[in-house]
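Q: Could we go through this structure together, one feature at a time?

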Amino acid sequence: MVTSVEKKLQANVLDDVKYSRKQVRMAIFGLVVGLWGPFIAALILLVLCVNGIVG
C-alpha cells in the first residue's frame, strides 16, 4: 500500500518536472519570438520594398 502511494508521488513529481521544463522552453521561445518578431517582419518588408514587390 505504501509503495504504491510512493510510486504515484514520484510519478507526479516527474510529470511536474517534465511540464515545467516544457513551460520554460515555451517561455524562452515566446520571448525570442516577441523580441525578434518585429525586427524580422521589418526586415522582410524592407527586402520586399527593395525588390519592388510591395509599393
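Q: What does the secondary structure of the protein come to?
A: This is a predicted model, in which local features need pLDDT of at least 70, side-chain atom pairs count only at pLDDT 80 or more, and totals for chains, interfaces and linings use all residues. Residues are numbered from 1 along each chain as its sequence is written, and side-chain values use heavy atoms, with hydrogens and water left out. Helices (H or I, at least four residues) and strands (E, at least two) are DSSP runs numbered from the N terminus, and here the protein has one helix and zero strands.

Q: Why is the protein described as more spread out than a compact globule?
A: The radius of gyration is taken over C-alpha atoms, and the globule rule is 2.2 Å times the number of residues to the power 0.38. For 55 residues that rule gives 10 Å, whereas the protein has 23 Å, well over it, so the protein is more spread out than a compact globule. Along the principal axes, its C-alpha atoms fill a box of roughly 75 × 15 × 10 Å.

Q: What percentage of the residues is buried?
A: Buried means under 20% relative accessible area, exposed over 50%, and partly exposed in between (1.4 Å probe, protein chains only); buried residues make up 0% of the 55 in the protein.

Q: How are the rings of Trp36 and Phe39 arranged?
A: A pair of aromatic rings is described by the distance of the centres and the angle of the planes. Rings of Phe, Tyr and Trp (its six-membered ring) pair if their centres lie within 6.5 Å, with planes under 30 degrees apart counted as stacked, over 60 as edge-to-face and the rest as tilted. The count comes to one aromatic pair: the ring centres of Trp36 and Phe39 are 5.5 Å apart and their planes stand at 75°, so the pair is edge-to-face. Trp36 and Phe39 are three residues apart in helix H1 (residues 2-51), and are therefore separated by about one helical turn. Trp36 is partly exposed at 47% relative accessibility, and Phe39 is partly exposed with a relative accessible area of 47%.
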